[in-house]
Amino acid sequence: MARTLDSGGKVSLEGGQLRSLRPGGEPERIERTVTDAADFAAVLRGEFGLDLDRTFTDPIWGVVERS
């Protein structure tokens, strides 16, 4: 999934890889691996504005983790 930010930046989540680009004088690029189900739920909430119940996100994380 991907989201364009109001600031012109972008954040994306592909499998367990979170990538973000935040513009500025010196653009900030961050790439990291989502570590577990709790981190996955936090990324969905914090980066994508999806405040989903863990009973929904944990099974999805299980599929992502196995791929």
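In the predicted model, Asp 39 is buried, its relative accessible area of 14% falling under the 20% limit for that class. The residue belongs to helix 1. Its side chain engages the side chain of Arg 32 in a polar contact of 2.8 Å. When residues up to four places away in sequence are set aside, Asp 39 touches Arg 32, Thr 33 and Val 34. Arg 32 also takes part in strand pairing, since its position in strand 4 stands opposite Leu 18.

Helix 1 comprises residues 37–48. Its 12 residues, at 1.5 Å a residue, should span 16 Å, and the C-alpha atoms at its ends are 16 Å apart, so expectation and model agree. At the start of the helix, a side-chain oxygen of Asp 36 comes to within 3.2 Å of the backbone nitrogen of Ala 38. Just beyond the other end, Gly 49 adopts a positive phi of about 70 degrees. Besides Asp 39, the buried residues of helix 1 are Ala 37, Phe 40, Ala 41, Val 43, Leu 44 and Phe 48. An α-helix has 3.6 residues a turn, so residues three or four places apart point the same way. The cover over the buried residues of helix 1 includes strand 1, strand 2, strand 3, strand 4 and helix 2.

A single aromatic pair is present in the structure. It is formed by Phe 40 and Trp 61, whose ring centres are separated by 5.5 Å and whose planes enclose an angle of 35 degrees, a tilted arrangement. The angle places the pair in the tilted class because planes count as stacked under 30 degrees and as edge-to-face over 60. The pair connects distant parts of the chain: Phe 40 lies in helix 1, whereas Trp 61 lies in helix 2 (residues 54–66), 21 residues apart. Both Phe 40 and Trp 61 are buried.

The strands form an open sheet of 4 members in the order 1-2-3-4, with antiparallel pairing. Strand 1 (2–4) and strand 4 (28–33) stand at the edges, each with a single partner strand, so one side of each is left without a neighbour in the sheet. On average, neighbouring strands are turned by 5 degrees against each other, direction ignored. Helix 1 packs on this sheet and touches strand 1, strand 2, strand 3 and strand 4; its direction makes about 155 degrees with that of strand 2.

Within the sheet, strand 2 (residues 10–14) and strand 3 (residues 17–22) pair in the antiparallel sense over 5 bridges. In this pairing, Val 11 stands opposite Ser 20, and Leu 13 stands opposite Leu 18. The two strands form a hairpin with 2 residues between them, and Gly 15 in the turn has a positive phi of about 60 degrees. Strand 3 also pairs with strand 4 in the antiparallel sense, here over 6 bridges. Arg 19 in this pairing stands opposite Glu 31 of strand 4. Strand 3 and strand 4 likewise form a hairpin, with 5 residues between them.

Glu 28 is located in strand 4. With a relative accessible area of 41%, Glu 28 is partly exposed, because the value lies between the limits of 20% and 50%. Its contacts, not counting residues up to four places away in sequence, are with Ser 20, Leu 21 and Arg 22. Glu 28 and Gly 9 are 19 residues apart in sequence, with a C-alpha to C-alpha separation of 9.3 Å in space.

Conventions:
Residues numbered from 1 in each chain as written. Predicted model: local features only at pLDDT ≥ 70, side-chain atom pairs only at ≥ 80, totals over all residues. Heavy atoms only, no water. Phe/Tyr/Trp six-rings, centres within 6.5 Å; stacked < 30°, edge-to-face > 60°. Buried < 20%, exposed > 50% of the residue type's maximum accessible area, 1.4 Å probe, protein only. Polar contact = N/O pair within 3.5 Å; in protein donor to acceptor, adjacent residues only side chain to side chain. Contact = heavy atoms within 4.5 Å. Pairing = 2+ DSSP bridges. Axes fitted to C-alpha atoms, helices over the stretch in contact; angles between N-to-C directions. Expected span 1.5 Å × (residues − 1).
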